[in-house]
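Here's a quick tour for anyone meeting this protein for the first time. Have a look at the sequence and the model, and then we'll walk through them together.

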Amino acid sequence: MSLIYKKLSEIYTQYILIVVMPFIGISAAVYAAEPVQTLSLEEAVYLSQSNDPWLVSNQFQQDAIKSESIAAGTLPDPKISVGLANLSINTFDFGQEAMTQMKIGVTQMFPRGDSLSLRQQQLELTAEQYPFLRQDRRAKLSVTTAQIWFDVYKAQESIALIERNRNLFEQLSDVVKAGYSSALVKSNQQDIIRAQLEVTRLEDKLTVLAQQEDMFKQKLSEWVGKAFVDEYRIDHEQDYELLFSTFTVPNILPQIKLTNPNLYFDEEKSQHYQQALYEAFSVHPLISALEQRIESSRKGVELKKQLYKPEWGVNAGYSYRGDDPMGNSRDDLLSIGVSFDLPIFTSSKQDKQVQAAIYQSESIKTEKWLLLRNMMASYGTAKAQLLKLEQRQTLYNDFLLPQMQDQADASLTAYTNDKGDFAEVVRSLIAQLNTQLDALAINVDLQKVKVQLNYFFTPKVGPVSISHESYVDGEAK
């Protein structure tokens with residue numbers, strides 16, 4: 001790029017022309033009038049995890065189930081009954097008949113077997129899955145936020161790259177005009193139109209990229225914005241007020257560190273590749289949450305087996321009787337009894353309920369294997385992307401970018417020496433710009449894939465695991 005600028009400067013000197021500074025975009029002037037904030041990748045992930053209402057809701061759900069488990073382990077409330085028995089409807093005289101009584105009774109039921117304890121344990125196991133679900137949610141927030149952040153970065157740096165090349169094309173257009181007016185080189189009106197056309201095309205690309213950048217920023221606001229945070233978080237304090245109309249991201253591309261890099265080799269190089277993946281994925285929060293559901297379903301099977309046992313009830317009653325018509329006192333009465341049911345028709349009721357609980361438990365087990373298969377397939381897909389992107393990155397850095405630079409220098413040198421065609425100069429410069437944009441896209445996509453791959457090893461990964469390395473025109477600096 002510097003060689004091309006140097007060559008253009010030499011042409012200006014040869015024709016004794018004054019090089020006019022290229023036009024600076026109006027958007028830059030607008031942004032300069034407003035405070036510009038820089039949002040790093042770490043800050044974006046932190047904000048998304050701090051402001052997520054799903055995490056708050058999940059904590060409430062866990063607390064609700066914990067409270068329910070305490071209630072489930074408590075005996076049912078006793079029942080009190082109050083009644084008047086055997087009152088004469090002719091006289092309504094409480095003391096006329098010896099059978100007339102004022103009755104007060106208490107009944108206490110005792111659930112079957114260990115139903116209370118098992119139900120409490122089942123709910124406690126259910127509640128224990130929620131911390132794993134929150135851990136998985138934070139990991140997914142990191143992935144989602146980071147990938148959108150990288151999209152913003154790619155759009156921003158693509159704009160910066162095209163801006164630099166637009167300056168080059170504008171200078172080239174001035175050179176063609178100067179050559180055409182001086183007739184010192186074989187410039188023609190078609191060359192002038194072609195140069196202006198390419199500048200216009202670059203303007204269109206800048207407009208499209210600016211549109212994409214704004215869209216990605218607004219999309220990012222869904223995750224890192226603080227809208228309605230005060231509605232669902234108590235004593236929320238956040239000193240980072242992000243203005244989505246003016247914020248920018250650093251121009252240094254974060255380099256994501258891979259977790260378990262030994263698993264990215266070809267399967268043939270590892271005899272225990274599948275086993276190693278299974279062991280790594282088995283501690284993933286989603287798998288751990290499923291394990292808790294499986295344990296809870298097992299308790300559900302034990303709970304259903306309690307249906308074979310009777311449900312007991314104890315009742316006690318006190319009956320008050322009035323004096324007889326002669327004024328003699330009558331004895332009050334005390335009643336005590338026990339009730340229980342007889343689960344004798346088990347083949348069509350209890351057996352089927354236990355069987356249904358077993359089927360439900362087995363169904364949840366299959367969810368685990370389905371999830372593991374999905375994770376392995378998704379991991380394999382992302383790993384294949386990683387390996388191919390690394391190959392393309394090497395190809396671009398070692399061959400394509402230097403070759404495009406050489407071609408652009410050679411075509412411009414030939415044109416300035418009246419040995420080349422202006423159309424070839426334009427084609428080579430456009431090809432060089434497109435190659436630089438492709439290299440930038442590869443570098444960004446590589447980091448996005450690494451973020452996705454690290455998700456599969458969530459227990460070993462923090463919010464983001466990065467180092468920083470600068471990329472300019474597709475090359476590491």
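## A buried serine in α12

Let's start with S428. Its relative accessible area is 0%, so S428 counts as buried, the cut-off being under 20%. You'll find S428 in helix α12, which runs over residues 422–455.

What does the side chain of S428 reach at 2.7 Å? That would be the backbone oxygen of V425. Leaving out residues up to four places away in sequence, S428 also touches Q407, A408 and S411.

## The big picture

Time to step back. Keep in mind that this is a predicted model. The protein has twelve helices and eight strands. Of its 477 residues, 42% are buried.

The contacts tell you something about the fold, too. Take those with a separation of 6 or more: 84% of them join residues 24 or more positions apart. As for the outside, the accessible surface adds up to about 26,400 Å², and carbon and sulfur atoms own 56% of that.

## Inside: two nonpolar cores

The largest nonpolar core is made of 53 residues. Which residues have the most contacts inside this core? They are W149, F150, F281, Y379 and F457. Several helices chip in with at least two residues each: α3 (41–50), α6 (130–182), α7 (189–224), α9 (273–281), α10 (285–305), α11 and α12. The largest share comes from α11, which gives ten residues.

W149 is a good place to zoom in. Setting aside residues up to four places away in sequence, W149 touches L39, S40, L41, A44, L220, V249, P250 and P254. There's also a second, separate core with 20 residues, among them L161, L412, F422 and V425. That V425 is the residue whose backbone oxygen the side chain of S428 reaches.

## L453, further along α12

Helix α12 is also home to L453. Is L453 buried or exposed? L453 is buried, because its relative accessibility is 0% and the cut-off is under 20%.

Now for its company. L453 touches L258, Y264, Y379, A382, K383 and L386, again without counting residues up to four places away in sequence. One of these, Y379, is on the list of residues with the most contacts inside the largest core. Another is L258, which sits 195 residues from L453 along the chain, yet their C-alpha atoms are separated by 7.6 Å.

## R373, out in the open

For a change of scene, look at R373 in helix α11, a helix that covers residues 350–416. Why does R373 count as exposed? Its relative accessibility is 65%, and the cut-off for exposed is over 50%, so R373 qualifies.

R373 has a distant partner in sequence as well. Y278 is 95 residues away along the chain, and the C-alpha atoms of the two are 9.5 Å apart.

## A nonpolar patch on the surface

Nonpolar residues turn up on the outside too. A surface patch is formed by I80, V82, L84, M102, I104, V106, Y318, Y320, L334 and I336, which together have about 1,000 Å² of accessible area. Which strands each supply at least two residues of the patch? They are β1 (79–85), β2 (101–110), β4 (312–320) and β5 (333–340).

Take I80 as an example. This patch member belongs to strand β1. With a relative accessibility of 58%, I80 is exposed, because the cut-off is over 50%.

Methods
Residues numbered from 1 in each chain as written. Predicted model: local features only at pLDDT ≥ 70, side-chain atom pairs only at ≥ 80, totals over all residues. Heavy atoms only, no water. Patch = residues over 30% accessible without salt bridge, like charges linked within 9 Å, V, L, I, M, F, W, Y side chains within 5 Å. Areas by Shrake-Rupley, 256 points an atom, 1.4 Å probe, with all protein chains shown as cover. Salt bridge = Lys/Arg side-chain N within 4 Å of Asp/Glu carboxyl O. Helix = DSSP H or I, 4+ residues; strand = E, 2+ residues; numbered from the N terminus. Buried < 20%, exposed > 50% of the residue type's maximum accessible area, 1.4 Å probe, protein only. Polar contact = N/O pair within 3.5 Å; in protein donor to acceptor, adjacent residues only side chain to side chain. Contact = heavy atoms within 4.5 Å. Core = buried A, V, L, I, M, F, W, Y, C linked by side-chain atoms within 4.5 Å.
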